[in-house]
Amino acid sequence: MNNLKEWFLSRSIKYKILAAYFISILLIGVIGYSYYFMSNIKMIKKETQMFKRNLINQQKNMVRSIVNIAIDGIEKYYEDYKEGKISLAEAKIEAIKFVYSIRYNISKNSESYDYVWINTLDGIMVLDPPKPLLNGKNVWDMKDKNGVYLFREMARVIKTQGGGFVKYCWAKLGQQSNKCYDKISYVGYFYPFNWVVGSGFYLSDIENIIDNYKEQKRHDIIVVTISSILIGVLVSLVAAAVFYLIVYCITKRIREIGELSEKLIEGEISPEIKLPWMGSDEIGKLVDNFNRFIDESYKLVLFKKTIEEDLDVNAVYKRVFDLLRDEFGIKQFNIFEVNNSKNAMKQIEVYGDEKMLCKQDILIDCSLCRAVRTARDVDSFLESDVCLSFAGKPKNHICLPLIVGGSVGSVVQLIFDEKTKTEEITKKVKRIKIFLKEAAPVLEAKRLLAQLRESTMRDPLTGLYNRRFLDEFASTFAATVKRRNTKAGILMCDIDFFKQVNDVYGHNVGDEVLKGVVRAILKSTREADIPIRFGGEEFLILLQDTDEAVAMDVAERIRREVENTEITVQGTIIKKTLSIGVSIFPEDSENLWKCIKFSDVAMYKAKESGRNRVVRFEADMWTEENY
């Protein structure tokens, strides 16, 4: 062992480094690929579960759509009967023919397909396309192999929910009739004919797709692994050759330094004699510059790490402020933040002077700022009138844009009293630009994070705040009202007969109607009021600093505005009304959520009273102990 150790220590540094390189590559490869396999196994499991959920949801949406199409077709023939065009018996026959014609997911040999069936609510089979012998039979007591009375379960879903999904066991077309497979079906109800209309899909089909999906993922991992290993080996060999060449050049220089030290030892020993790396030759300059580089790099890394851990964008601006003032000794500067979507900018920090040294116009039109417009440094030392928006003459300025993603996010303006640009200013600006380059992506990331948080608080369709905002803001709102010793109006608004819009015109038109109602609500509320999309067609409006009279007045104004609003969608004019319930916080209750419930109760009273009206909550409307 000692001989091996002596042999290793006697080898050249380049071989030791090369050996360390190969050992490191081997360890990194083993650890990396182990982690890669473990990560991919977890990822495949997670992706498979997500894929399965999405696939089942897609199938559910599809069969629900098919059933709705069938019910729409049945309704058409029922309308023909009501208009006297055909008899009731003829309407039912034509409806059955239409439903019978619905085929989808047909296999290549046409021996299997998905279909729509009809049975009555009390269990008489009206139409079973693959099993016509069941037509007219009473299937109320039919059970699957798991003991589920499937047609009773369908009737239960219709009676309790008006329609929905049912899971049971059923045979497949083209398969053994005595074998059943788990199936999920959606059933809807056509009231005039007392018909239950349904269609479904088999979970085994989903599992087959999932199995194929997992197999493909495993295959992909194997292919990528083999390719990565081959490429890794090739790259490692090429890198080893290059690495060896680089190490050889470095060790050659070290050997030359060693030879020089030997000559110095052989000569006269004196404290004044320095080794080359301690002097002013290339090695000495390299060592000196490297040490200075390390110091500067440490400051930069520390600065970046600090701002990355800061709470928000304002804290980062404060760090930049302190950096310019304390580290670089800049006596006067301004920091601006640019809002490219609004073509505007705002002043974040001012130091050294109470007023901004640029024309105010740049705040409302940021293209007037040369640094923003050109995305380049602006230096009045090079050209005195370079930026026409600068109003701080005879002082000089250097404006540095912080660019992220191809656009300017912020501008740092440095103000100097000097008439000419000194070497000290040049060095400072170069160093400042390095720090600002690190700060730019951090500022942008924190801005985007703030915007993302704001977007999660907004309803994407209407632009109003959503329930998540209410959950986070409720306690603050309640505390503010109590602290200021004021009152707040709580308005719960619901669009009357909104479901008819979706049923008749479709959800796209329904979305446009929602937007139109929201525009009318916003037109009738104050800027300080807070409208929130509470549910599908329900809106909650928080009226700050409002007593009962004002709250009722605002509610009535909203009701009238919505009633008089004409919403034009696809050439059709639609008018809707609102039922509004009003409560006053903390007059009706010290608990804000209870007041919200009170306004909801009053809103339902408005609907029971005929809709399109405003109802003030009264104590006798609430009969429950809890809310």
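A375 sits in the loop between α8 (370-374) and β10; helices (H or I, at least four residues) and strands (E, at least two) are DSSP runs, numbered from the N terminus. This is a predicted model, in which local features need pLDDT of at least 70, side-chain atom pairs count only at pLDDT 80 or more, and totals for chains, interfaces and linings use all residues. Residues are numbered from 1 along each chain as its sequence is written, and side-chain values use heavy atoms, leaving out hydrogens and water.

**Exercise 1. Two backbone angles**

Find the sign of phi for A375 and for N612, then say how accessible each residue is.

Step 1: Phi of A375 is near 60°, a positive value, and A375 is not a glycine.
Step 2: N612, also not a glycine, has a positive phi of about 55°. Look for N612 in the loop between α14 and β19 (614-616).
Step 3: Most residues other than glycine have a negative phi.
Step 4: A375 has a relative accessible area of 29%, so it is partly exposed (buried is under 20%, exposed over 50%, partly exposed in between, with a 1.4 Å probe and protein chains only). N612, at 21%, also counts as partly exposed.

**Exercise 2. Cis or trans?**

Decide whether the peptide bonds K393 to P394 and F585 to P586 are cis or trans, and place the prolines.

Step 1: Omega from K393 to P394 is near 10°, and this bond is cis. P394 belongs to the loop between β10 (378-379) and β11 (396-404).
Step 2: Omega from F585 to P586 is near 0°, again cis. P586 is in the loop between β18 (578-585) and α14.
Step 3: Most peptide bonds are trans.

**Exercise 3. Checking a helix**

Test whether the span of α7 (residues 313-327) fits its number of residues.

Step 1: Helix α7 has 15 residues, so at 1.5 Å times one less than that number it should span 21 Å.
Step 2: Its end C-alpha atoms are 20 Å apart, which agrees.
Step 3: Now look at burial: among the buried residues of α7 are V313, Y317 and F321.
Step 4: After α7 comes G329, with a positive phi near 65°.

**Exercise 4. Two helices meet**

Describe how α10 (residues 467-483) packs on α14 (residues 592-608).

Step 1: The angle is about 110° and the axes are 10 Å apart. That makes α10 roughly perpendicular to α14 (65 to 115 degrees).
Step 2: In α10, L470, D471, A474, F477 and A478 meet L592, W593 and I596 of α14, where contact means heavy atoms within 4.5 Å.

Note on methods
Axes fitted to C-alpha atoms, helices over the stretch in contact; angles between N-to-C directions. Parallel < 35°, antiparallel > 145°, perpendicular 65-115°, else oblique.
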